[in-house]
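Reader: I should like to go through this model with attention to the labels attached to it. For each one, please set the value against the definition.

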Protein chains: 2
Amino acid sequence: MDSNSVSPMPELAPIAEFDKSPPSPPNEEVPMDDLPPPPATITQSEGKKLKVQRSRSYDSEEHERGACEWCEYALVITLACILLIGVSALTIFWIFFYREGYAWADEIPEKQFNLHPTLMVAGFITFSGFSVLLYRICRCFRRIYVKLLHAIFHALAFPCIVIGFLAVLDFHNKTGIKNFYSLHSWIGLVAMGLFGIQYAVGFFSFLLLLICNKGTAGFRASLVPVHAAFGILTFVLGVAACLTGLTEKAIFTLGAERYSGLPDEGVIINAIGVASIAILAVIMYIVSRDKFRVASSREDHIRVSVDL
Amino acid sequence: MDSNSVSPMPELAPIAEFDKSPPSPPNEEVPMDDLPPPPATITQSEGKKLKVQRSRSYDSEEHERGACEWCEYALVITLACILLIGVSALTIFWIFFYREGYAWADEIPEKQFNLHPTLMVAGFITFSGFSVLLYRICRCFRRIYVKLLHAIFHALAFPCIVIGFLAVLDFHNKTGIKNFYSLHSWIGLVAMGLFGIQYAVGFFSFLLLLICNKGTAGFRASLVPVHAAFGILTFVLGVAACLTGLTEKAIFTLGAERYSGLPDEGVIINAIGVASIAILAVIMYIVSRDKFRVASSREDHIRVSVDL
């Protein structure tokens with residue numbers, strides 16, 4: 001059972017929660033709020049009276065809001081999944097339809113380069129995106145299984161990123177192009193470094209240290225927000241590298257003249273970039289939304305008051 | 001007085017809060033946490049005893065943690081300010097030192113183009129960044145003054161973005177370059193559209209609707225998270241447009257051959273991009289950190305218990 005599902009809230013809490021609930025749910029993040037001060041706290045006797053009078057309408061309102069939240073949750077998660085699969089599918093389509101597919105041979109280094117965008121998009125966006133999303137999709141799983149799935153998806157991203165990096169490094173060396181001069185390469189290098197550090201630290205701290213569960217709980221708990229923050233940063237850097245890389249590729253391959261005519265290939269390249277940004281926006285929204293993480297604490301309070 | 005500073009928390013709450021406090025502060029966001037379930041709740045008599053015994057060490061611990069938090073707050077805000085001013089200063093330096101400064105004349109359209117990166121960085125990053133930061137810097141101000149400052153900083157960003165856009169549009173028309181074909185232009189267009197909508201909606205809802213403060217409180221409260229989320233999205237799009245624009249400019253102006261030799265100008269262009277990403281990371285960190293927003297609710301609980 002989730003540790004949040006039983007709240008050590010004293011008897012008055014559900015009423016206080018009820019007082020605060022309109023206009024915004026208590027658990028919802030309301031940054032930069034400018035609400036007028038809440039009404040004076042209701043005394044215990046008044047509160048009990050109010051509770052008896054309004055319990056039915058409160059329940060139905062709650063039910064309706066819960067249904068809305070589930071609808072929003074399902075829509076946003078579905079959108080994220082479609083975009084995450086779509087961006088990789090679009091990249092593969094682009095390469096097969098316009099760039100003659102893949103290879104790893106000295107004679108056709110261009111086909112070897114094609115592995116770079118495909119594998120980087122798969123590693124930094126699709127697999128990493130699903131790895132983050134798992135914490136919202138698998139809400140009924142035991143925490144350890146979600147963590148293992150998180151590690152497995154990142155383990156799938158790892159070879160993609162390594163091979164994608166080696167493909168472009170080898171392509172540059174074969175064709176005499178210098179390495180690590182562009183903004184794209186700088187961003188990509190930092191993203192790869194962060195990905196490696198995050199994987200090592202995450203694997204060691206959140207899986208290996210479970211051998212001594214209680215003794216390391218404090219350390220692991222303090223590491224969770226750091227790991228999450230740097231994880232989001234790595235994802236942002238991955239998307240930034242994707243955008244700058246696509247811009248470079250469009251200009252180098254199509255040429256400024258052809259690109260400015262916006263041929264079909266240019267539209268496809270731009271669409272991959274737009275999809276990457278849409279993914280970043282949706283994932284940041286999902287991650288920042290507390291309601292998508294665990295059942296709202298207000299529901300717990302209601303359950304407690306009903307049980308009483 | 002802030003609406004959060006008086007908590008309707010019953011007598012047991014500070015102790016319950018204390019029980020939960022190690023290893024992580026109660027108000028801190030701990031996403032994806034994997035803590036073991038909290039220890040069984042202490043009964044009221046045990047709790048009171050504990051409170052008496054540990055009140056001093058708790059106070060000093062609290063004080064120390066508060067000092068650490070203030071130190072972190074001051075450091076991060078200072079870093080954000082330096083980066084926000086630095087990125088515009090670096091862009092102006094780049095234009096004056098390597099691109100011969102500014103002008104708006106038919107004979108020298110390149111100097112007219114130079115207004116585009118400078119004004120867009122100033123509008124989308126420096127002024128918009130400070131406008132967001134104000135909600136963390138001016139924590140002691142009355143909310144209405146912070147909102148006015150937020151509107152003023154965005155009002156400064158507005159002409160920068162409009163003139164920056166007109167500068168590049170006119171430059172393209174003068175030199176026969178097509179418009180709106182690149183990924184950079186697509187991202188920039190969406191960012192400008194969102195900026196305009198956000199400004200109009202924000203001005204109308206959070207300033208004009210204050211005429212009827214109580215009647216519109218519910219509407220405004222429900223709009224706050226939407227406005228904040230789209231505000232962050234606009235900022236992310238601004239940074240993405242900056243990165244793709246810098247990549248385009250480096251390749252078009254320096255040429256692939258010269259850029260790959262990483263001349264001083266290439267380093268400066270890359271540095272502007274890196275600074276933009278650093279700003280995005282720092283601002284996202286500051287915005288996501290609850291502690292930077294208002295005084296931690298735990299401090300309020302302590303104040304309540306001391307007052308009692």
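Reader: What places Arg142(B) over the face of Tyr145(B)?

Author: The distance from Arg142(B) to the ring centre of Tyr145(B) is 5.9 Å. A charge sits over a ring if NZ of Lys or CZ of Arg is within 6 Å of the ring centre and within 35 degrees of the ring normal. The 5.9 Å is therefore within the distance limit. Arg139(B) likewise lies over the face of Tyr73(B), 4.3 Å from the ring centre.

Reader: On what basis are such values given?

Author: The model is predicted, so that local features need pLDDT of at least 70 and side-chain atom pairs count only at pLDDT 80 or more, while totals for chains, interfaces and linings use all residues. Residues are numbered from 1 along each chain as its sequence is written, chains are lettered from A and ligands numbered from 1 in the order in which they are written, and side-chain values use heavy atoms, with hydrogens and water left out.

Reader: What makes the pair of Tyr181(A) and Tyr259(B) edge-to-face?

Author: Over all chains, the structure holds 32 aromatic pairs. In the pair of Tyr181(A) and Tyr259(B), the centres are 5.2 Å apart and the planes meet at 85 degrees. Rings of Phe, Tyr and Trp (its six-membered ring) pair if their centres lie within 6.5 Å; planes under 30 degrees apart count as stacked, over 60 as edge-to-face and the rest as tilted. The 5.2 Å is within 6.5 Å and the 85 degrees are over 60, so the label is edge-to-face. This pair crosses between chains, from the loop between H5 and H6 of chain A to helix H7 (residues 217-260) of chain B. Both tyrosines are buried. Elsewhere, Phe124(A), Phe158(A), Phe195(A), Tyr199(A) and Phe203(A) form one aromatic cluster.

Reader: Why is Asn114(B) called buried?

Author: The relative accessible area of Asn114(B) is 2%. Buried means under 20%, exposed over 50%, and partly exposed in between (1.4 Å probe, protein chains only); Asn114(B) is therefore buried. Its place is the loop between helix H3 (109-113) and helix H4 (115-137) of chain B. Beyond residues up to four places away in sequence, Asn114(B) touches Ile95(B), Arg99(B), Gly101(B) and Tyr102(B), where a contact means heavy atoms within 4.5 Å.

Reader: Is Pro263(A) buried or exposed, and how do you know?

Author: Its relative accessibility is 19%, so Pro263(A) counts as buried. It lies in the loop between helix H7 (217-260) and helix H8 (264-288) of chain A. Leaving aside neighbours within four places in sequence, Pro263(A) is in contact with Leu254(A) and Arg258(A).

Reader: Why is Phe165(B) called partly exposed?

Author: Phe165(B) has a relative accessible area of 21%, and therefore falls in the partly exposed class. This residue belongs to helix H5 (residues 143-175) of chain B. Phe165(B) and Met120(B) are 45 residues apart in sequence, with their C-alpha atoms 7.9 Å apart in space. The contacts of Phe165(B), beyond neighbours within four places in sequence, are His116(B), Met120(B), Phe180(B) and Met192(B).

Reader: What is unusual about the phi of Glu100(B) and of Phe180(A)?

Author: Most residues other than glycine have a negative phi. Glu100(B), although not a glycine, has a positive phi of about 65 degrees; Phe180(A), also not a glycine, has one of about 55 degrees. Glu100(B) sits in the loop between helix H2 (44-98) and H3 of chain B and is exposed at 61% relative accessibility. Phe180(A) lies in the loop between helix H5 (143-175) and helix H6 (183-207) of chain A and is partly exposed at 38%.

Reader: Why do Cys68(B) and Cys71(B) not form a bond?

Author: A disulfide is a pair of cysteine sulfur atoms within 2.5 Å. The cysteine sulfur closest to that of Cys68(B) belongs to Cys71(B), at 6.9 Å, and is therefore too far for a bond. Cys71(B) is partly exposed, at 46% relative accessibility. Over all chains, the structure holds 0 disulfides.

Reader: How many helices and strands does chain A have?

Author: Chain A has 9 helices and 0 strands. Helices (H or I, at least four residues) and strands (E, at least two) are DSSP runs, numbered from the N terminus. Of the 308 residues in chain A, 49% are buried.
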